[in-house]
Number of protein chains: 2
Amino acid sequence: MSTAARITFLPDRITVEAASGETVLQAARKAGIHINASCGGSGLCGKCRIVVREGELSGGISEKLSPADLAGGVRQACTATPSGDCLVMIPAESGRSRGGLTTGIAEHHRASLYEYDIEELRRAGIFHPPVEKLFLELPRPSAVDNLADAKRVVQALHDQYGERGIIVTLPVLRKLRRVLREDDFRVTVTLARPVNKERGKNYLVNIQAGNWTRRNFGLVFDIGTTTIYGQLLDLNDGRILAGAGDYNGQLGFGEDVINRIIFAESPEGLAKMAELAVGTINSIINELLPRAAVDRDEITSITIAGNTTMTHLALALEPHSIRRAPYVPVSTFFPPIRAEDIGLELPRYCVALFFPAVSSYVGGDIVAGVMGSGLYRAEELTLYVDIGTNAEIVIGNREWLVCAACSAGPAFEGGGITHGMRAADGAISDFDIDPESLEPMNLTIGNQPAIGICGSGLLAIIGALLENGVIDRGGKFRRDLDSTRLREGRSGYEYVLVWREENNTDHDLVITEVDIENFIRAKAAIYAGIKTLVEEVGLRIGDLERIILAGAFGSYLDLDAAIAVGLLPEIEAGKVRYVGNGALMGGRLSELSNHIRRDVVEVVGRMTSFELSEVNSFKDQYIAALFLPHTDLGLFPAAAARARKI
Amino acid sequence: MSTAARITFLPDRITVEAASGETVLQAARKAGIHINASCGGSGLCGKCRIVVREGELSGGISEKLSPADLAGGVRQACTATPSGDCLVMIPAESGRSRGGLTTGIAEHHRASLYEYDIEELRRAGIFHPPVEKLFLELPRPSAVDNLADAKRVVQALHDQYGERGIIVTLPVLRKLRRVLREDDFRVTVTLARPVNKERGKNYLVNIQAGNWTRRNFGLVFDIGTTTIYGQLLDLNDGRILAGAGDYNGQLGFGEDVINRIIFAESPEGLAKMAELAVGTINSIINELLPRAAVDRDEITSITIAGNTTMTHLALALEPHSIRRAPYVPVSTFFPPIRAEDIGLELPRYCVALFFPAVSSYVGGDIVAGVMGSGLYRAEELTLYVDIGTNAEIVIGNREWLVCAACSAGPAFEGGGITHGMRAADGAISDFDIDPESLEPMNLTIGNQPAIGICGSGLLAIIGALLENGVIDRGGKFRRDLDSTRLREGRSGYEYVLVWREENNTDHDLVITEVDIENFIRAKAAIYAGIKTLVEEVGLRIGDLERIILAGAFGSYLDLDAAIAVGLLPEIEAGKVRYVGNGALMGGRLSELSNHIRRDVVEVVGRMTSFELSEVNSFKDQYIAALFLPHTDLGLFPAAAARARKI
């Protein structure tokens with residue numbers, strides 16, 4: 001029987017008191033130490049490998065571990081409990097590294113990068129941040145002009161700027177007398193704008209002595225299930241002053257939304273989830289501010305976009321019903337709130353705006369992408385895809401929009417792949433193969449020794465294996481090839497990407513037929529989702545005139561490979577736009593143009609959401625897509641032409 | 001030299017640690033023990049008499065104390081410091097008693113009582129509390145109807161009640177999932193209404209499982225400089241369920257607004273003033289709730305009216321400029337706030353509404369009276385007077401309104417009168433005199449042994465003395481009368497109201513010529529204010545068609561005496577309306593009809609405020625009124641006729 005013990009974790013040498021019966025994973029979670037646990041700690045994924053250096057663990061053994069692993073002291077943290085004080089190492093592939101976290105897009109996609117034009121916003125007269133600063137020089141009070149201080153300000157806002165419908169908030173009233181007289185009635189007022197200029201009220205949320213109009217800054221955040229990204233904006237000219245990302249602090253509680261929801265259903269679980277998400281945002285804010293020499297008090301608004309579950313968790317809304325049919329979220333619209341009301345370390349006048357969602361699985365991040373990429377006012381029939389664990393698909397133009405989420409599984413984020421990992425330093429992110437020798441060329445993020453394969457690497461690998469005839473259209477390795485790279489492994493046939501001696505792990509890095517099967521299932525789900533959605537509105541896949549790729553995977557993918565394997569429909573490269581992080585792009589637009597907040601209500605109203613599992617044809621579409629690129633080569637004329645050549 | 005000492009206060013036997021050099025008054029304040037201190041502790045008023053029973057005090061001696069006082073151990077608490085541990089008695093006339101606090105009006109005025117008609121509000125379709133509860137029975141979610149929980153509620157509000165523009169607040173979103181499912185999607189929603197139904201948003205601030213529409217309650221408060229009154233209302237039928245009052249907890253820091261402002265300017269002073277006012281409100285709420293078996297969570301709104309200084313102090317707005325020319329308050333409008341934001345012990349969804357003011361000295365209490373009494377829609381030319389330390393005067397009708405405050409001094413609240421006191425148990429409140437024997441008939445509040453004279457008593461005494469020729473029109477005692485009641489006292493001629501043996505003090509209760517002079521100055525200021533204001537708009541005093549008397553003094557005054565001494569213009573008794581506490585009346589109307597909040601902005605806009613000290617004729621008017629009833633008997637034809645008879 002295990003009793004309370006102290007576990008010291010390497011490489012950071014952090015010591016944690018583990019309660020009796022507590023697993024190594026639970027103890028690490030308590031201390032905020034990250035260990036990968038794709039399955040949420042249920043023992044199934046085998047990702048939470050740790051190495052015992054001193055002391056002993058009981059349990060932590062499963063068929064995921066080889067005899068060599070076991071001999072070398074490798075255990076699974078999720079089922080291992082300390083038998084006494086011990087020292088354990090978290091190997092690179094199990095731990096968290098921030099290297100490689102980026103909101104950018106691949107260099108070779110830059111030419112096709114889409115970004116809205118700030119000058120265009122100005123020309124259209126809609127460059128209006130949700131919170132603005134105005135400078136006022138007020139007449140001093142006198143016997144013939146003894147207006148109350150607040151009235152004096154309101155009057156001047158009307159006379160000097162034509163402003164109406166001003167509500168002076170209590171915190172401003174409380175310091176108003178002092179601030180007015182500090183610099184001889186020269187003040188800067190901060191106005192939080194209504195969504196509807198004609199109908200709403202302008203809240204006067206802050207006042208400063210002197211002219212501070214040039215110091216008005218906003219934040220934009222994308223709360224992803226895996227990563228949280230933030231950007232700091234100058235609200236006077238729209239410039240991005242700094243950007244930073246970090247893993248979502250909830251990551252230790254499972255990699256997908258379902259595991260997070262389950263945890264949030266436990267006592268105190270929801271509060272913990274909210275605290276972790278907000279804590280990650282706070283720490284990113286702390287990183288952004290000094291990089292741009294911006295003071296915390298100069299932040300007047302923050303726009304946050306996230307999928308529906310992440311938004312619920314950040315706001316501490318109960319996500320219980322999201323994971324159960326009929327998949328009902330608490331809300332798809334979120335009122336503007338004070339940032340401090342949810343624990344954000346921002347001034348009390350800072351307004352927090354959350355992007356609305358369409359449904360439980362088409363969230364505010366996608367809505368933000370639809371707004372930011374301009375899809376909602378597109379002329380052409382456009383396909384918008386954001387690929388992660390879920391792939392969200394939006395199809396339409398300025399007149400109509402349909403959308404759906406399809407569960408692609410975690411393959412593109414490294415899940416379910418023998419040596420899969422997230423896009424971080426050491427991840428193979430691009431790949432090619434020598435057609436003669438079949439020797440690989442691996443490119444890794446950060447040019448570090450390889451430790452695994454991320455989503456874009458997986459796509460590049462499978463694309464190259466297919467193109468070079470190493471695998472067939474069914475995803476099986478040709479058995480007749482002469483290469484030491486190809487071999488029978490523990491779980492079937494496999495290709496060795498990096499020999500053990502050449503990588504930063506204790507094993508050969510391989511891709512197996514099982515991995516390829518998982519990949520094919522993932523890409524088939526996405527392609528079938530696109531095709532089903534297009535056909536549900538009476539169109540054909542060939543009618544698509546433009547594709548917008550969002551998300552980290554979309555920004556780094558090899559377009560040729562994506563079409564070759566049948567992940568995306570065949571389209572000319574020139575018709576593809578890359579928007580990088582669509583949620584951040586939409587968030588920036590919302591921070592710069594308050595009008596977006598009015599438009600977004602209307603846009604969400606016209607985004608018709610399909611539940612693919614309820615559409616009869618989806619399953620057939622999916623089965624038909626379980627081939628490379630597809631069972632119906634008529635859908636891929638270029639691939640068909642290549643096939644005829646061979 | 002005095003060192004730290006323990007002072008025990010009788011009659012409540014509360015022991016306080018006094019710091020070195022601290023006065024008895026300061027020590028009492030710290031412990032929340034009330035000692036009258038009209039002058040704010042400056043040593044001038046002589047009201048803070050205490051009696052040393054054990055131990056010794058140093059200082060505390062002034063010319064306000066007689067040799068007998070000194071011999072009997074009487075000292076002034078404001079300048080006395082303990083020389084060691086001591087036991088002191090706070091005599092009844094120096095301490096605080098809640099007996100006699102009332103919001104009612106005199107029995108003989110009941111026939112002329114004005115109250116708005118709730119049925120009339122209903123008929124006019126404006127019976128709409130600012131916060132309402134609605135019951136909803138919602139369809140359960142299903143695969144074909146999987147609206148988000150919040151959308152389901154918003155949709156039902158639209159379908160079942162035609163409601164639009166609903167914003168579901170974060171606290172409601174946080175409990176929405178659970179509450180909806182607690183009683184099978186039968187819920188009561190609480191909506192905070194906008195001022196402008198067509199243009200504003202309805203905030204959904206609370207949700208309860210089941211039908212709770214019959215449990216919706218509101219509070220109304222009048223924050224007076226001396227007293228705070230509260231009432232608890234049933235918002236479904238407008239009934240007053242309970243009422244209670246208490247002395248404003250700030251009273252120990254000076255009796256008038258100027259002393260409060262001075263204290264609020266000291267470090268921490270403002271926070272202390274706010275805490276004391278809000279603390280008094282909280283304790284009154286604690287008294288009201290159990291009396292009507294209402295739960296704190298069932299209070300959805302509170303309306304507060306107070307003079308401009310009291311409103312500033314309750315909201316912790318800096319009052320500094322109110323007491324200095326050009327008399328600029330921080331604000332005359334106050335945004336709706338969460339009650340809890342100012343420390344009110346009310347649920348977080350409870351909305352607090354403060355009545356707007358006109359100027360530094362015409363406050364929200366008067367505006368509430370103008371609304372509640374219906375003056376703003378009166379056909380007749382009406383005079384509205386609320387007499388306290390300041391007398392506020394409003395004149396006008398549905399088309400125009402002018403207003404002013406005139407500093408009457410504290411005579412009507414017992415200040416500056418040798419044996420003056422507030423309207424509390426033991427105060428002489430009514431009086432008559434035997435024309436032959438000149439013996440008095442004193443009536444006291446609560447029929448207790450007399451301890452002093454309150455405002456209505458003072459008016460009755462002077463009216464009776466004048467009518468019976470005991471004093472002349474200049475306010476001087478006739479020296480030729482044969483009565484033991486008349487004598488030369490320490491400060492001139494005086495009339496003994498109650499012999500020492502017959503009262504509850506250690507001295508004869510008297511009224512002196514100096515008292516009468518102070519009274520005449522006070523009544524002259526008010527009459528001059530009325531006359532100046534009437535004439536400023538080009539009318540004459542005889543044009544007034546109706547008088548509305550508000551406030552405790554107005555509700556209990558002897559109308560004949562008030563006219564006889566020239567406090568009020570001559571008018572038929574039938575043309576006088578008594579509204580009791582005008583602030584509470586207006587507050588009730590605001591709690592029952594949200595429309596009042598829209599109207600009040602317009603009404604405040606048309607209340608033209610006059611600064612009497614800036615009007616040239618005011619000083620002459622004042623001097624002319626320093627006679628009983630006036631130097632110009634033409635203004636008082638009935639009095640003139642009586643004078644001719646004599």
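To compare the two chains, the copies are superposed by least squares on the C-alpha atoms of residues with pLDDT of at least 70 in both. Keep in mind that what you're looking at is a predicted model. With that in hand, chain A lands on chain B after a rotation of 180 degrees and a shift of 0.1 Å along the axis, with an RMSD of 0.1 Å. The two copies are thus related as by a two-fold rotation axis. If you want to find that axis from chain A, head for R199(A): its C-alpha is the nearest one in the chain, 2.9 Å from the axis.

How do the copies meet? Of the interface residues of chain A, 100% are also interface residues in chain B, so the copies meet through the same surface.

Now zoom in on chain A by itself. It splits into domain 1 (5–89), domain 2 (130–209), domain 3 (217–354), domain 4 (375–409 + 519–645) and domain 5 (411–516). Let's take domain 3 and domain 4 of chain A as a pair: their centres, taken over C-alpha atoms, are 26 Å apart. Where they touch, domain 3 of chain A puts in 15 residues and domain 4 of chain A puts in 11.

Which elements supply the domain 3 side of this contact in chain A? Those giving two or more residues are the strands β12 (217–223), β13 (227–234) and β15 (299–306) of chain A. β12(A) gives the most, with 4 residues. As for chemistry, the residues on that domain 3 side of chain A come out as 7 nonpolar, 6 polar and 2 charged.

Definitions and conventions. Residues numbered from 1 in each chain as written. Chains lettered and ligands numbered in written order. Predicted model: local features only at pLDDT ≥ 70, side-chain atom pairs only at ≥ 80, totals over all residues. Domains from an automatic or database assignment. Contact = placed C-beta atoms within 7 Å. Nonpolar A, V, L, I, M, F, W, Y, C, P; charged D, E, K, R; others polar.
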